[in-house]
Amino acid sequence: TVSKGEDVDDIGRGAFEKSSSASYDDSGFTAEQLREAAEFEKLQAQREAEYEATLEKMGKEKRKKLEKQRKIDARLVNKVLKAASKGDHYRVLGLSNNEKKIGSFVLFRVTPAHIKKAFRERARKLHPDKNTDPRATQAFIELEESASVLADADSKEEYDETVAMQKQRSRDDQREMILAIHRKAISFVRPIFVIFNTAVRPFATSLTVMGVLIL
């Protein structure tokens, strides 16, 4: 993990990759991933116990202040973990990826300076020594992981291309779904129209005359 004073430029690419030789259990997780999950749970329980012990030693006003800060810390941790669960490295850092390519020009580019600033700001708020939420360590690791991906030009480009393809695939799927609904609606309405047209056709002249007379 990254220490408080460590710069985002010094972060390695440290992505969590599954080894081709890794062994999996029935849940689909590697033994290493299961060990990490157990360590996270153990650490969360430890931090929660420490937090409760600290509350017990505090007066009423200080306790209310700490509980208020706990809620603020929890909201940030929730945002980071939610974005991480979706694989959205930009959201983990609190950034929006609105880059638009027009020919050789790129608008709203997320630069290394943006990434470095976002990482520093969130690292200060998420560091386990600062953040009171028991899941702060997990969120901080996710922050490091996202920063390592986006800070490297090659991995950032690869990630952006993957996300772009996923978005295009999603748009294509939505378009196909709309077309399928449209085709189904037409196939449902067409027989009704044919039956109605067949039933009304013999009376078409009479109905036309009646309509003219009414008008």
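This tour of a predicted model visits two charged surface patches and an aromatic pair.

**Stop 1: the positive patch.** Select K71, R75, K79, R124 and K125, which together form a positive surface patch. Then colour helices α2 (60-85) and α4 (112-126); each of them supplies at least two residues of this patch. The largest contribution is from α2, with three residues. Now centre on K125, which sits in helix α4. Its relative accessibility is 54%, and K125 counts as exposed because the cut-off for that class is over 50%.

**Stop 2: the negative patch.** Select D154, E157, E158 and E161 next; these residues make up a negative surface patch. Keep E157 in view: this residue belongs to helix α6, which runs over residues 153-200. The relative accessible area of E157 is 47%, so E157 is partly exposed.

**Stop 3: the aromatic pair.** Stay with helix α6 and show the side chains of Y90 and Y159. The count of aromatic pairs is one. The ring centres of Y90 and Y159 are 6.0 Å apart and the planes meet at 35°, so this pair is tilted. Where does each partner lie? Y90 is in helix α3 (residues 89-92) and Y159 is in helix α6, so the pair ties together parts 69 residues apart in sequence.

Switch on the surface to finish. Are Y90 and Y159 buried or exposed? Y90 has a relative accessibility of 2% and counts as buried. Y159, at 13%, also counts as buried, because the class takes in residues under 20%.

Note on methods: Residues numbered from 1 in each chain as written. Predicted model: local features only at pLDDT ≥ 70, side-chain atom pairs only at ≥ 80, totals over all residues. Heavy atoms only, no water. Patch = residues over 30% accessible without salt bridge, like charges linked within 9 Å, V, L, I, M, F, W, Y side chains within 5 Å. Areas by Shrake-Rupley, 256 points an atom, 1.4 Å probe, with all protein chains shown as cover. Salt bridge = Lys/Arg side-chain N within 4 Å of Asp/Glu carboxyl O. Lys, Arg positive; Asp, Glu negative; His and termini not counted. Charge placed at Lys NZ, Arg CZ, Asp CG, Glu CD. Helix = DSSP H or I, 4+ residues; strand = E, 2+ residues; numbered from the N terminus. Buried < 20%, exposed > 50% of the residue type's maximum accessible area, 1.4 Å probe, protein only. Phe/Tyr/Trp six-rings, centres within 6.5 Å; stacked < 30°, edge-to-face > 60°.
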